[in-house]
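Trainee: I would like to learn how to read salt bridges, burial and pockets from a set of coordinates. Can we work through a case?

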Amino acid sequence: QVTEFPKRVEPEEPFENSNPREVNGRELYQSDILLTDEQINILKDRKARADLAYRWTEGEDGYPVVPYTFIDMFSADEHTIIQESLDSWMEHTCIRFVETTNFTKPYVKFYNGTGTGSNGCWARLGMIYHWTEGQELNLGPRCVT
């Protein structure tokens, strides 16, 4: 009797090779962070930013709260994976994620790549306090697995 082994499956291209190097003409920092001009200048000057205005607002319990919403449609499975990921962050850190309908304050907008025109995996850094139109967090194909 001959034992047949499954055929070897070639690994998919590594994330670093498949993610775009830039979004809207701006280079991604560390392969997945879209910085503002101010954040780029801070990095060039090698300065830390102590300004509390760039941190997510604290909730009643004193922990940072990150409001978010879904802009593009995600499948039920993708939505579950994203929610489980947020739950894991909340379980293991002090950060709290809360789905919001209040779009007058800073919040994160989850995209599946359709709304941003980018298939990569990237996000903005920290809370950009003066942006009330929301900050993009793009989860293109292969980002939600």
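Mentor: We will take the salt bridges, then one loop residue, then the largest pocket. Keep in mind that this is a predicted model.

Trainee: How many salt bridges does a search of the whole structure find?

Mentor: The general test is a side-chain nitrogen of Lys or Arg within 4 Å of a carboxyl oxygen of Asp or Glu. Here the search finds 2. One joins R26 and D37, with the closest N and O atoms 2.5 Å apart. R26 belongs to strand 2 and D37 to helix 2, so this pair ties together parts 11 residues apart in sequence.

Trainee: And which side chains meet in the salt bridge with an N to O distance of 3.1 Å?

Mentor: Those of R124 and E136. R124 is in strand 7 and E136 in strand 8, so parts 12 residues apart in sequence are tied together. Both R124 and E136 are buried.

Trainee: Is T36 buried or exposed?

Mentor: Buried means under 20% relative accessible area. T36 has 13% relative accessibility, so T36 counts as buried. T36 sits in the loop between strand 3 and helix 2. Beyond its neighbours within four places in sequence, T36 contacts R26, R124, I128 and W131. R26, at 27% relative accessibility, counts as partly exposed.

Trainee: What lines the largest pocket?

Mentor: The lining has 29 residues, with W89, F97, F110, A123 and L137 nearest the centre. Helix 3, strand 6, strand 7 and strand 8 each give two or more residues to the lining. By class, 21 are nonpolar, 5 polar and 3 charged. The space in this pocket is about 810 Å³.

Definitions and conventions
Residues are numbered from 1 along each chain as its sequence is written. This is a predicted model: local features need pLDDT of at least 70, side-chain atom pairs count only at pLDDT 80 or more; totals for chains, interfaces and linings use all residues. Side-chain values use heavy atoms; hydrogens and water are left out. On a 1 Å grid over the protein atoms alone, a cavity is a set of points where a 1.4 Å probe fits but cannot get out, and a pocket is an open set with protein on both sides within 12 Å along at least five of seven lines; lining residues have an atom within 4 Å of a point. Grid points are joined across faces, edges and corners, and a volume is the space filled by probe spheres set on the points. Helices (H or I, at least four residues) and strands (E, at least two) are DSSP runs, numbered from the N terminus. Ala, Val, Leu, Ile, Met, Phe, Trp, Tyr, Cys and Pro count as nonpolar, Asp, Glu, Lys and Arg as charged, and the others, Gly among them, as polar. Buried means under 20% relative accessible area, exposed over 50%, partly exposed in between (1.4 Å probe, protein chains only). Contact means heavy atoms within 4.5 Å.
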